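Trainee: I'd like a close look at one small part of this structure, please. Pick a good starting residue and then walk me outward from there, step by step.

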Amino acid sequence: MSRTKVSEVREEAQRIDVRVRRVLDRIGVPLLRISLGLVFFWFGLLKILEVSPVSGLVAKTIYWFDPDVVVPAIGAVEVFVGACFLVGRLMRVALPLLVLQMAGTFLVLILLPDVTFQGGNPFLLTVEGEFVVKNLVLLSAGLVVGS
């Protein structure tokens, strides 16, 4: 391929890249906001309806509270945060709640290391450990949307 042809292909690729980035700039954060809203609303609703697979883990982690009260209460907060993200309103109220809820999930790593780490090795996560650590992504996404 000649240098001219390579140059033309490169220029066309750059034009396409610019168009794609414009679209992503326009839809990326709104899609992230809606995705977070759906996840928080859905997970919270599962806790309220007492069908969440993590209810037992939550109860074991914050054992000093009655799980019949605290798990649905956390669910209600998550539903509220999710609804705020979905409709794009009250974000300045929802964001601190999201950060607090996400920070609370990391208590599992400290209070129940036998549940979250294989053989006590902090580099070998269990399913529960992976579930908690992935919350770093949700937390970061919330901060991006909030910014």
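Mentor: Happy to! Let's begin at Ser52, which touches Leu46 and Lys47 once residues up to four places away in sequence are set aside. Please keep in mind throughout that this is a predicted model. Ser52 belongs to the loop between H1 and H2. Is Ser52 buried or exposed? Its relative accessible area is 12%, and the cut-off for buried is under 20%, so Ser52 counts as buried.

From that loop, step back into helix H1, where you will find Ser35. Ser35 has a relative accessibility of 39%, which lies between the 20% and 50% limits and therefore makes this serine partly exposed. Ser35 also has a partner far along the chain: Leu86 is 51 residues away in sequence, yet the two C-alpha atoms are 8.0 Å apart in space.

Next, have a look at Phe85, a residue of helix H3. Phe85 is buried because its relative accessible area is 1%, under the 20% limit. What does Phe85 touch, leaving aside its neighbours within four places in sequence? Its contacts are Arg33, Leu36, Gly37, Met91, Ala94, Leu95, Leu98 and Val145. Phe85 can also be paired with Pro30: the C-alpha atoms are 9.4 Å apart, while the sequence separation is 55 residues.

Now for the open space in the model. The largest pocket holds about 490 Å³. Its lining is made up of 25 residues, and those closest to the centre are Ile74, Glu78, Gln101, Gly104 and Thr105. Several helices give two or more residues to this lining, among them H1 (3-48), H2 (55-61) and H3 (67-87). Others that do so include H5 (107-111), H7 (127-133) and H8 (135-146). Which helix gives the most? That is H4, with six residues. By character, the lining divides into 17 nonpolar residues, five polar ones and three charged ones.

Let's finish with the aromatic rings. The model has two aromatic pairs. In one of them, Tyr63 and Trp64 meet edge-to-face, with 5.0 Å from centre to centre and 85° between the planes. The other joins Trp64 and Phe65 in a tilted arrangement, at 6.0 Å centre to centre and 50° between the planes. Ring pairs thus link Tyr63, Trp64 and Phe65 into a cluster.

How accessible are these rings' residues? Tyr63 has a relative accessibility of 59%, over the 50% limit, so it is classed as exposed. Trp64, at 47%, counts as partly exposed, and Phe65, at 45%, is partly exposed too.

One last ring deserves a glance, this time with a charge above it. Lys134 lies over the face of Phe131, 4.1 Å from the ring centre.

If you turn the model on your screen, try following the route again: from buried Ser52 to partly exposed Ser35 in H1, on to buried Phe85 in H3, and then to the pocket with H4 as the helix that gives the most to its lining.

Notes:
Residues are numbered from 1 along each chain as its sequence is written. This is a predicted model: local features need pLDDT of at least 70, side-chain atom pairs count only at pLDDT 80 or more; totals for chains, interfaces and linings use all residues. Side-chain values use heavy atoms; hydrogens and water are left out. On a 1 Å grid over the protein atoms alone, a cavity is a set of points where a 1.4 Å probe fits but cannot get out, and a pocket is an open set with protein on both sides within 12 Å along at least five of seven lines; lining residues have an atom within 4 Å of a point. Grid points are joined across faces, edges and corners, and a volume is the space filled by probe spheres set on the points. Helices (H or I, at least four residues) and strands (E, at least two) are DSSP runs, numbered from the N terminus. Ala, Val, Leu, Ile, Met, Phe, Trp, Tyr, Cys and Pro count as nonpolar, Asp, Glu, Lys and Arg as charged, and the others, Gly among them, as polar. Rings of Phe, Tyr and Trp (its six-membered ring) pair if their centres lie within 6.5 Å; planes under 30 degrees apart count as stacked, over 60 as edge-to-face and the rest as tilted. Buried means under 20% relative accessible area, exposed over 50%, partly exposed in between (1.4 Å probe, protein chains only). A charge sits over a ring if NZ of Lys or CZ of Arg is within 6 Å of the ring centre and within 35 degrees of the ring normal. Contact means heavy atoms within 4.5 Å.
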